[in-house]
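Biologist: Please take a close look at the charged side chains, and tell me how they pair and where they sit. Add a word on the cysteines and the backbone if they help to place things.

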Amino acid sequence: MKVVLNRLVDTGKSTLGKLTIHDELKECFSCKTLELSWKDNKRNVSCIPRGEYFATTRFSEKHGEHFLINDVDGRDYILIHSANYHYQLRGCVAVGKTYADIDKDGEVDITSSRDTMDKLLSLLSESFYITII
């Protein structure tokens with residue numbers, strides 16, 4: 001399976017994108033992503049650089065089962081996990097079904113994050129490569 005995160009727009013506070021899983025030549029799953037804006041890969045305030053990364057499953061009390069993006073230059077504990085708001089992120093990737101302004105603060109949020117994370121965990125193996133473009 002091929003996993004690609006295509007970043008679509010940076011709002012200045014967050015980066016919106018689309019994560020797709022391809023099996024052979026066809027797309028078999030897609031979801032929305034929410035990340036922090038690009039701020040030169042600074043720890044806790046920026047999304048990570050574009051590139052190809054090795055991801056593995058991981059468990060924590062805070063996020064339950066999720067994915068860890070390994071070997072990010074200058075960064076550690078970059079996760080793919082459920083979250084609804086950009087201010088819940090510290091450089092990680094949140095996944096969800098749609099975009100909406102859930103808390104009515106004028107910023108784009110992401111919906112159905114926990115359900116989307118569960119779907120990803122059921123589809124992806126314990127380790128995979130993810131390409132961020």
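Modeller: The answer below goes through the salt bridges, then the unpaired acidic residues, then the cysteines.

This is a predicted model, in which local features need pLDDT of at least 70, side-chain atom pairs count only at pLDDT 80 or more, and totals for chains, interfaces and linings use all residues. Residues are numbered from 1 along each chain as its sequence is written, and side-chain values use heavy atoms, with hydrogens and water left out.

A search of the whole structure finds three salt bridges, a salt bridge being a side-chain nitrogen of Lys or Arg within 4 Å of a carboxyl oxygen of Asp or Glu. One of them joins Glu-35 to Arg-7, with N and O 2.8 Å apart. This pair links distant parts of the chain, 28 residues apart: Glu-35 is in strand β3 (residues 26–36) and Arg-7 in strand β1 (residues 2–10). Helices (H or I, at least four residues) and strands (E, at least two) are DSSP runs, numbered from the N terminus. Both partners are buried, Glu-35 at 0% relative accessibility and Arg-7 at 16%. Here buried means under 20% relative accessible area, exposed over 50%, and partly exposed in between (1.4 Å probe, protein chains only). Strand β1 also holds Val-3, which is buried at 1% relative accessibility.

Another salt bridge is made by Asp-76 and Arg-43, whose closest N and O atoms are 2.8 Å apart. Asp-76 lies in the loop between β5 (64–69) and β6 (78–81) and Arg-43 in the loop between β3 and β4 (51–60), so the bridge ties together parts that are 33 residues apart in sequence. Asp-76 is partly exposed, with a relative accessible area of 44%, and Arg-43 is partly exposed at 44% relative accessibility.

Lys-18 and Glu-27 also meet through their side chains in a salt bridge, at 3.8 Å from N to O. Lys-18 is partly exposed at 32%, and Glu-27 is partly exposed at 40%.

Next come acidic residues outside these pairs. Glu-65, Asp-115, Asp-118 and Glu-126 form a negative surface patch. Patches are made of residues with over 30% relative accessible area and no salt bridge, like charges being joined within 9 Å and nonpolar side chains (Val, Leu, Ile, Met, Phe, Trp, Tyr) within 5 Å. Within the patch, Glu-126 sits in the loop between α1 (113–123) and β10 (127–132) and is exposed, with a relative accessible area of 63%.

Two further acidic residues are of interest for their backbone. Glu-24, in the loop between β2 (14–23) and β3, has a phi near 65 degrees, a positive value in a residue other than glycine. Asp-40, in the loop between β3 and β4, likewise has a positive phi, near 55 degrees. Most residues other than glycine have a negative phi. Glu-24 is exposed at 74%, and Asp-40 is exposed at 58%.

Last, the cysteines. The structure holds zero disulfides, a disulfide being a pair of cysteine sulfur atoms within 2.5 Å. The sulfur of Cys-31 is 11 Å from the closest cysteine sulfur, in Cys-28, which is too far for a bond. For Cys-92 the closest cysteine sulfur is in Cys-47, 12 Å away and also too far for a bond. Cys-31 is buried, with a relative accessible area of 5%, and Cys-92 is buried at 6%.

Methods. Areas by Shrake-Rupley, 256 points an atom, 1.4 Å probe, with all protein chains shown as cover. Lys, Arg positive; Asp, Glu negative; His and termini not counted. Charge placed at Lys NZ, Arg CZ, Asp CG, Glu CD.
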